[in-house]
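Trainee: I am new to this structure, and I would like to understand how its descriptive words are justified. Could you show it to me before I ask?

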Amino acid sequence: MKRPAVNRRYLPNSPFKAPVTPPIEQFAVGERVTHDEHGLGRVIGVEEGIAVLVDFGSVQRRIVSPYTKMTHL
């Protein structure tokens with residue numbers, strides 16, 4: 001059975017719990033991070049809630065939110 005592509009909306013009178021949306025991570029300039037594909041890097045620019053610019057040594061990448069593959073060190 002396939003899962004539907006669209007999430008169902010939550011009804012206030014539903015007996016089930018509301019879906020929890022995880023908070024968006026915040027990164028600061030100069031912070032060390034690790035990325036699943038690019039490895040270790042340092043944040044060199046921040047666009048609040050939109051994206052971060054990370055220097056991975058040999059390449060700089062703009063990682064857009066949500067940052068599922070990137071974590072703080």
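Mentor: What follows goes through some of the terms, setting values against definitions.
This is a predicted model, in which local features need pLDDT of at least 70 and side-chain atom pairs count only at pLDDT 80 or more, while totals for chains, interfaces and linings use all residues. Residues are numbered from 1 along each chain as its sequence is written, and side-chain values use heavy atoms, with hydrogens and water left out.

Trainee: Why is H35 called buried?

Mentor: Buried means under 20% relative accessible area, exposed over 50%, and partly exposed in between, with a 1.4 Å probe and protein chains only. H35 has a relative accessibility of 8%, and therefore counts as buried.

Trainee: What makes T21 exposed, and why is V59 called partly exposed?

Mentor: T21 has a relative accessible area of 67%, which is over 50%, so T21 is exposed. V59 has 27%, which falls between the two cut-offs, so V59 is partly exposed.

Trainee: Where do these residues lie with respect to the strands?

Mentor: Strands are DSSP runs of E with at least two residues, numbered from the N terminus. H35 lies in strand β1, T21 is in the segment before β1 (32-35), and V59 is in the loop between β3 (51-55) and β4 (60-64). The C-alpha atoms of T21 and V59 are separated by 32 Å, the two residues being 38 apart along the chain.

Trainee: How do you know that β1 and β2 pair?

Mentor: Two strands pair if DSSP finds at least two bridges between them. β1 and strand β2 (residues 39-47) have four bridges, in the antiparallel sense, so the definition is satisfied. Among the bridge partners, R32 has R42 in β2, and a hairpin of three residues joins β1 to β2.

Trainee: What makes β1 and β5 a pair as well?

Mentor: Three bridges join β1 to strand β5 (residues 70-72), and the strands run antiparallel, so this also meets the requirement of at least two bridges. Here H35 has M70 as its bridge partner in β5.

Trainee: Which residues does H35 touch, leaving out those up to four places away in sequence?

Mentor: Contact means heavy atoms within 4.5 Å, and H35 touches F56, I63, K69 and M70.

Trainee: What lies 3.4 Å from a polar atom of the side chain of H35?

Mentor: That is the backbone nitrogen of H38.

Key. A polar contact is a pair of N or O atoms within 3.5 Å; within protein, one must be able to donate a hydrogen and the other to accept it, and residues adjacent in sequence count only if both atoms are side-chain atoms.
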